[in-house]
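Colleague: I am new to this structure and should like to understand the terms applied to it. Would you kindly take me through the reasoning?

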Amino acid sequence: MDRLRHTFPHPMLYPYPVMKIIYQRISLSLFASVLASFTTAIPSPAQAPAPDSPAIESQAHDIVSRLTLEQKIELLGGIDSMYTHAIPAVGLPRFKMSDASVGVRTWGPTTAYAGGVSLAATWDTGFARTLGESLGRDARSRNVNFLLGPGVNIARSPIGGRNFEYFSEDPHLNSILVVPYIEGVQSQGVIATVKHYALNSQEFNRHDASSDIDERTMREIYLPAFEAAVTKGHVDAVMNSYNLINGVHATQNEFLNIKVLKGEWGFKGVLMSDWDATYDGVAAANNGLDLEMPSPRFMNAKNLLPAVKSGEVKESTIDDKVLRLVRTELRYGFTARPQFDPADSTYSVAGRAVAMQGALESITLLKNEGHILPLDPAKIKTIAIIGPDAYPAIPGGGGSSEAQAFEPISQLTGIANLLGANVHVLYSRGLPNVNDVFRHTRWDGDVKIATYHSHDFTGTPEPGTRRNVAEYKADQWEPADQSPRSIRYSASYKAEDTGKYLLIGAASGEDAFKILVDGVPVLDQVHAEGQVPKYVSIDLTAGQTVNVQADYLPQAAGSRFGFGLAYEPSLIAPEATQFAKLADVVVVALGFDTASEGEGHDRTFTLPWGQDALIEAVAAANPHTVVTLTSGGAMDTRRWLDKVPALLHVYYPGQEGGTAIAQVLFGQHNPEGKLPISFDRDWENSPSKPYYYGTPGGDTILHTIGDNGKPLDYTIQHINYGDRLMVGYRYWTTTGKHPLFPFGFGLSYTTFNFSNLQTPSSVASGSTVSVSFDVANTGNVAGAEVAQLYVSDPSAKAVRPERELKGFEKVILAPGETKHLTLKLDARAFSYWSDSAKKWTIDPGKFTILVGDSSESTPLHADVTLN
């Protein structure tokens with residue numbers, strides 16, 4: 001992409017629509033023509049999957065008939081972490097998988113795209129297809145057969161650790177985007193895997209959390225995207241989630257796997273487990289699981305051979321699983337051709353263009369007071385770029401989706417590259433590393449250490465002292481230590497200044513800790529799969545001394561724990577405010593990163609420690625401060641939002657994010673992203689807050705059989721989905737309350753107008769309803785708008801949300817241009833799930849159609865009667 005630009009005059013010489021054509025259409029076609037020249041020289045084996053046929057079915061049955069029962073069972077488990085088993089005797093090689101989300105990340109460096117929540121923020125079905133195709137090509141170039149994505153779970157809560165991987169809070173938006181994404185991947189001869197089925201809308205305690213939910217809520221909110229993936233996208237693999245649903249693990253859930261997925265939806269592909277998400281081999285075999293990954297800990301010969309011989313598991317059940325795997329592999333031609341496609345590049349310049357497009361389309365402008373944006377580079381001599389997320393680049397969140405990009409562009413380098421050599425660029429991270437805070441805490445004397453050889457601080461401890469406790473190791477996982485230990489740290493702290501102090505504690509892996517100040521608990525990290533540093537603000541006066549006690553329960557050998565106390569203003573690097581004062585404008589890049597938002601743990605709703613204070617300090621030094629936020633969703637902005645004139649939500653923008661952010665800031669691209677989530681003001685009033693961490697006293701003990709044949713006991717935490725249908729904007733519009741920024745919201749450098757809504761006054765129930773209207777660009781620059789159509793059912797017999805998204809279309813308009821759009825609503829758009837009738841139901845009567853640019857801005861209304 002950067003090389004291409006050298007062939008064109010400076011982009012500021014072109015108006016926005018011309019630039020869009022140059023960068024997104026001409027460049028992509030040029031890349032395509034370059035690739036085409038290679039494909040003419042090297043025959044490409046790429047092919048979309050063949051449809052089911054009698055020939056394929058006959059061949060699959062023939063292969064299965066030549067397998068012994070032991071060989072069939074062997075095929076039900078993975079091997080070497082990312083492969084299926086091979087059975088050379090019948091011509092079955094092993095097939096390769098890769099994690100996905102922002103890129104094909106398992107097998108070395110790759111193109112890192114703006115995926116997941118960023119894709120949803122584009123509201124662009126055409127781009128979803130383009131992204132899927134590019135991921136498919138990247139997979140083929142790495143010899144990958146199964147791409148383990150997309151993830152389509154609902155962003156029920158802003159603190160969900162994997163929201164950045166998933167799409168949005170809305171089932172319709174997820175459903176519409178997932179279909180072209182899957183079609184794009186599978187058109188390249190790669191199996192897409194929709195995940196995590198189902199109700200994996202939290203990361204804390206994910207192996208042992210039961211999502212307890214009524215069927216209507218499940219059907220209307222949490223299953224539609226999976227249904228669309230299967231029935232419309234024809235996805236060929238589905239991945240079960242870790243969690244339980246109504247007390248039964250997803251991998252052995254008869255209702256989800258047999259009744260709904262393979263029964264109602266007619267899924268004929270492969271249902272695989274998430275990695276180590278199987279808990280009972282016989283129950284999983286009998287309840288729909290086809291493939292246990294990454295290895296057969298439970299669905300193995302030791303467990304299943306006796307079960308088949310006793311009749312507890314039918315051999316026909318095993319046959320069906322093997323047939324699904326073999327049939328799918330035959331449809332893709334995996335046994336007849338190499339998966340590697342020499343027509344695709346491992347380092348893909350065309351992929352960089354797709355990554356750039358996703359970043360440009362997703363960046364969402366949330367505040368632009370006084371029209372400070374776009375910035376005029378001609379008026380800037382010095383710019384300060386400050387913050388932990390300014391450098392290095394953060395293409396995506398953490399965990400199994402984290403991709404190592406070849407050349408990720410940070411916000412610092414993206415802005416500096418755009419401005420050129422004549423503008424002075426000042427950079428500061430603004431905050432220290434967390435272990436630096438721990439190391440430099442000025443305790444009043446040494447920290448006393450008492451190490452107990454027990455898990456509960458009983459017995460005679462071994463004493464010790466240390467100047468500081470700074471042994472935190474982010475993302476470090478070690479084997480569990482079988483010897484019991486508990487460590488108590490005691491220290492005193494004397495405040496030198498009056499004001500806010502941050503007490504920070506951090507441990508790794510499954511370690512737990514509790515910190516008390518003057519005997520009062522202030523921080524508590526329970527034993528869990530993963531975690532991020534925790535902090536609390538306390539007010540102290542100069543000369544005040546407090547006693548701090550930290551109780552630490554390590555799960556591994558050694559210590560991975562640190563804690564410290566610091567005067568909040570002292571955390572801000574002096575050069576940060578100095579640079580801010582010198583600059584014409586400041587960009588503060590804040591939010592989360594791979595360590596603070598990722599798989600295996602939920603994140604905080606507050607920004608990571610010190611970032612609120614950093615924004616306040618920079619904004620006080622320079623009123624021309626623009627904030628960019630990196631995250632998978634909403635976060636607390638209350639301390640500083642009214643102190644800065646501009647705010648950009650950049651999500652996780654992929655490897656080209658720094659360049660895209662620079663182009664949006666300086667007007668080379670008009671921001672067009674729209675929020676795919678409601679941006680809550682605070683965690684306390686978030687709709688999911690009362691239910692998110694489970695019902696007190698609702699725990700039970702489950703027993704299962706491990707791979708050694710012995711029972712395993714574990715505690716289940718029941719999570720009551722008591723918010724039911726009132727997820728995100730459904731709650732806000734129904735209650736009449738308001739989030740900080742509504743679902744579907746996003747500002748532009750131009751303005752738009754909606755008019756001329758036309759709908760039939762009445763139609764027969766179940767008929768398709770056509771809704772048409774005009775969208776006009778009333779500003780002086782070209783831009784993109786997302787027209788959103790919501791349906792309200794005031795005459796329903798059942799309780800329904802006040803409005804629900806049922807249609808949308810993205811349009812690009814030149815200044816003064818008007819387009820007439822027509823959206824069609826099928827029967828499902830007016831239906832709700834009836835638990836009593838066990839089907840989708842329409843109550844005849846009046847429905848209201850609402851059209852606008854967000855869930856709370858719908859200027860066009862019309863009534864339609866369904867007879």
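Modeller: The following exchange sets values against definitions. Please note that this is a predicted model.

Colleague: Why is R327 called buried?

Modeller: R327 has a relative accessible area of 12%, and buried means under 20%, so R327 counts as buried. This residue is found in helix α13, residues 315-331. Leaving aside residues up to four places away in sequence, R327 touches D52, I56, E57, A60 and K268.

Colleague: Why is F406 called partly exposed?

Modeller: The relative accessible area of F406 is 31%. Partly exposed lies between the cut-offs of 20% and 50%, so F406 belongs there. F406 lies in the loop between β10 and α15. Together with Y347 and V349, F406 forms a nonpolar surface patch with about 220 Å² of accessible area.

Colleague: What makes Y391 and Y427 an edge-to-face aromatic pair?

Modeller: The structure holds 34 aromatic pairs. In the pair of Y391 and Y427, the centres are 6.4 Å apart and the planes are at 75°. Pairing requires centres within 6.5 Å, and edge-to-face requires over 60 degrees, so both conditions are met. Y391 lies in the loop between β10 and α15 and Y427 in strand β11, so the pair ties together parts 36 residues apart in sequence.

Colleague: How do you know that the charged end of R94 sits over the ring of Y83?

Modeller: The charged end of R94 is 3.7 Å from the ring centre of Y83, and the distance limit is 6 Å. The definition also demands a position within 35 degrees of the ring normal. R603 likewise lies over the face of F592, at 4.4 Å from the ring centre.

Notes: Residues are numbered from 1 along each chain as its sequence is written. This is a predicted model: local features need pLDDT of at least 70, side-chain atom pairs count only at pLDDT 80 or more; totals for chains, interfaces and linings use all residues. Side-chain values use heavy atoms; hydrogens and water are left out. Patches are made of residues with over 30% relative accessible area and no salt bridge: like charges are joined within 9 Å, nonpolar side chains (Val, Leu, Ile, Met, Phe, Trp, Tyr) within 5 Å. Accessible areas come from the Shrake-Rupley method with a 1.4 Å probe; for residues, only the protein chains shown count as cover. A salt bridge is a side-chain nitrogen of Lys or Arg within 4 Å of a carboxyl oxygen of Asp or Glu. Helices (H or I, at least four residues) and strands (E, at least two) are DSSP runs, numbered from the N terminus. Buried means under 20% relative accessible area, exposed over 50%, partly exposed in between (1.4 Å probe, protein chains only). Contact means heavy atoms within 4.5 Å. Rings of Phe, Tyr and Trp (its six-membered ring) pair if their centres lie within 6.5 Å; planes under 30 degrees apart count as stacked, over 60 as edge-to-face and the rest as tilted.
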